Amino acid sequence: MSGADVSAVDGIGLPWPSSAVRDDAGALSVAGVSATALAAEHGTPAYVLDEGEFRTRARAFVTAFEAAFAQVGTGVDVYYAGKALLTVAVARWAREEGLRVDTASGGELAVALAAGVPGAQIGLHGNNKSDAELAAALDAQVGRIVVDSLGEVERVADLAAVRGVVAPVMVRVTTGVHAGGHEFIATAHEDQKFGLSVHAGPGGGDAPAMRALLRILERPSLHLLGIHSHIGSQILDADGFAQAADAVLRLRADLVARTGVLVDEVDLGGGYGIAYLPGDEQLDPAPVAHRLAAAVARVCTDLGTALPRISIEPGRAIVGPAGITLYTVGTVKPVSVTADDGSTFTRLYVSIDGGMSDNIRPALYGAAYHAELAGRTSSAPPVLARVVGKHCESGDIVVDQVMLPADVAPGDLLAVAATGAYGRSMASNYNLLPRPPVVAVHGGASRVLVRRETVDDLLGLDLG
Ligand SMILES: Cc1ncc(COP(=O)(O)O)c(C=O)c1O
């Protein structure tokens with residue numbers, strides 16, 4: 001596909017990818033490919049992923065964190081959190097930019113391996129990994145299995161012992177630090193399913209995290225690599241990370257005091273925030289890396305422990321802003337609404353050809369997104385609109401409120417910004433909608449990374 005003429009046009013800014021511009025015809029274009037051409041070639045809905053934006057963001061994390069932690073005298077591994085979006089090409093891009101890959105299921109592990117990521121550069125997470133998933137990870141000689149429960153410690157140890165191998169494990173801990181957005185994406189508070197608490201329960205005794213660490217040291221088929229903490233998502237400053245690092249480093253020091261074992265690694269997880277709406281801030285990795293490196297160094301000095309090697313696991317901050325979703329408008333319906341104060345106003349319901357099956361986040365977390373006409377600009381006055389999907393749920397909302405030109409009409413292309421993370425990866429076939437393709441754009445050309453599902457694909461799964 002040839003590129004649009006985007007010369008002499010300024011980027012349109014966040015939350016769009018930095019290559020996004022309006023071309024001479026007014027169409028949105030990303031990495032030199034116009035939305036109109038993308039829709040004509042690949043259809044809608046389609047996830048469009050700017051390869052350059054992904055790579056730049058991935059590299060920015062590696063550069064920032066390596067520089068900051070080198071200054072305090074230790075190294076960093078950046079794992080791309082594949083749960084945000086994992087395809088074979090995406091895993092390759094991550095690897096080519098110097099990242100490792102964090103997986104959270106046997107499926108994600110298989111994709112990372114299919115991309116040629118060496119097992120040693122893959123981590124496996126999950127609060128309820130199956131034996132098959134653990135066995136696949138051991139067979140692939142993954143660099144780390146992050147254990148999430150006391151029972152899992154025994155299961156990994158047994159599976160490794162049967163194979164005659166020593167499994168490298170980390171313990172996922174909860175620190176009580178609550179950071180980030182919606183309750184469902186904040187993961188280090190205590191009353192949820194992930195990790196083991198660093199705090200002892202009301203009955204006293206060792207905290208669950210300490211019990212797991214001690215038990216791992218007792219099992220010869222396990223190598224205790226370190227401690228892992230992930231505090232949430234969509235976090236915009238370093239405070240929560242620094243607090244969690246403090247708790248994890250103290251646990252590490254307690255373990256030395258108890259056993260003489262100083263674990264080598266500390267993983268501070270992902271959760272770095274992005275801009276979803278115009279005017280939103282996004283997290284800049286460099287200052288956060290410097291604050292975090294300083295905090296880690298200070299705590300280790302206070303505790304008299306050597307610095308651990310650090311790892312982080314950004315997902316959304318790498319792939320989120322690199323993606324947009326293209327839709328076609330099908331129905332436009334003005335609805336008269338009575339507000340709480342009795343006044344009435346009109347909301348324009350704009351129905352698109354996808355919905356909660358390709359982006360569940362608004363329905364799941366109340367996540368806010370921004371949409372614009374993608375095939376043209378308009379001088380019609382802006383009106384209050386709600387972009388809704390085609391599913392049989394009134395909560396099937398993709399953009400709760402956005403100003404769109406009053407002349408938005410069936411057949412218009414609509415783009416939703418910052419959908420690269422947790423869009424395709426959380427997609428479903430609700431109402432038996434085939435899932436949209438993932439199309440990469442780069443240097444004026446497009447390429448399908450994951451093809452569009454068809455009704456035949458769905459029928460092929462149904463054995464009648
Ligand atoms: C353990 C772990 N690491 C990394 C991530 C990635 O988070 P984000 O995409 O917000 O950076 C998650 C997200 O849920 C996670 O649970």
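## A walk through a predicted model

A418 is found in the loop between β19 (413-417) and β20 (438-442). That loop is a good place to start looking around this predicted model. Most residues other than glycine have a negative phi, and most peptide bonds are trans. A418 is not a glycine, yet its phi is positive, at about 60 degrees. Is A418 buried or exposed? Its relative accessibility is 0%, so A418 counts as buried.

Stay in the loop between β19 and β20, and you will also come to L432. Here too phi is positive in a residue other than glycine, with a value near 55 degrees. The surroundings of L432 tell another story: its relative accessibility is 61%, so L432 counts as exposed.

Now let us turn to the peptide bonds. L14 and P15 are joined by a cis peptide bond, with omega at about 5 degrees. You can find P15 in the segment before β1. Another cis peptide bond links T44 to P45, and there omega is about -5 degrees. P45 sits in the loop between α1 (35-42) and β4 (46-50).

Next come the strands. Strands of a sheet pair through backbone hydrogen bonds, either parallel or antiparallel. In one open sheet of this model, 3 strands follow the order β1-β2-β3, with antiparallel pairing. Why is one side of β1 and of β3 left without a neighbour in the sheet? Both β1 (21-22) and β3 (33-34) stand at the edges and have a single partner strand each, so one side of each stays free of a sheet neighbour. Looking closely at β1, you can trace 2 bridges that join it to the antiparallel strand β2 (residues 28-30). As an example, V21 has S29 in β2 as its bridge partner.

For a parallel example, move along the chain to strand β8 (residues 144-147), which is joined to β9 by 3 bridges. Across this pairing, I145 stands opposite V169 in β9. How many residues of strand β9 (residues 167-174) are buried? The count is 8 of its 8 residues, so the strand is mostly covered by the rule that buried means under 20% relative accessible area. Both faces of β9 are covered. On one side you will see A167, V169, V171 and V173, and on the other P168, M170, R172 and T174, all of them buried.

Let us look at the aromatic rings next. A pair of aromatic rings is described by the distance of the centres and the angle of the planes. The model has 8 aromatic pairs in total. One of them is formed by F54 and Y80, an edge-to-face pair with 5.2 Å from centre to centre and 75 degrees between the planes. This pair links distant parts of the chain, with F54 in helix α2 (residues 51-72) and Y80 in strand β5 (residues 76-81), 26 residues apart. F54 has 0% relative accessibility and therefore counts as buried. Y80, also at 0%, counts as buried as well.

F61 and Y272 make up another edge-to-face pair, with their centres 5.2 Å apart and their planes at 65 degrees. What does this pair tie together? F61 lies in helix α2, while Y272 lies in the loop between β12 (265-267) and α9 (285-303), so the pair ties together parts that are 211 residues apart in sequence. Both of these residues, F61 and Y272, are buried. They also belong to a wider group: ring pairs link F61, F65, F69, F241 and Y272 into a cluster.

Our last stop is the ligand. It is surrounded by 16 residues, and the closest are S233, G271, E313, R316 and Y422. By type, the residues of this shell divide into 4 nonpolar, 7 polar and 5 charged. Some of the contacts involve oxygen atoms of the ligand. A backbone N or O atom of G271 is 2.8 Å from a ligand oxygen, and a backbone N or O atom of R316 also lies 2.8 Å from an oxygen atom of the ligand. With K83, the contact comes from the side chain, where an N or O atom is 3.3 Å from a ligand oxygen. How much of the ligand's exposed area does the protein bury? Taken alone, the ligand exposes 400 Å², and the protein buries 92% of that.

Terms used:
Residues numbered from 1 in each chain as written. Predicted model: local features only at pLDDT ≥ 70, side-chain atom pairs only at ≥ 80, totals over all residues. Heavy atoms only, no water. Pairing = 2+ DSSP bridges. Helix = DSSP H or I, 4+ residues; strand = E, 2+ residues; numbered from the N terminus. Phe/Tyr/Trp six-rings, centres within 6.5 Å; stacked < 30°, edge-to-face > 60°. Buried < 20%, exposed > 50% of the residue type's maximum accessible area, 1.4 Å probe, protein only. Near = heavy atom within 4 Å. Polar contact = N/O pair within 3.5 Å; in protein donor to acceptor, adjacent residues only side chain to side chain. Areas by Shrake-Rupley, 256 points an atom, 1.4 Å probe, with all protein chains shown as cover. Nonpolar A, V, L, I, M, F, W, Y, C, P; charged D, E, K, R; others polar.
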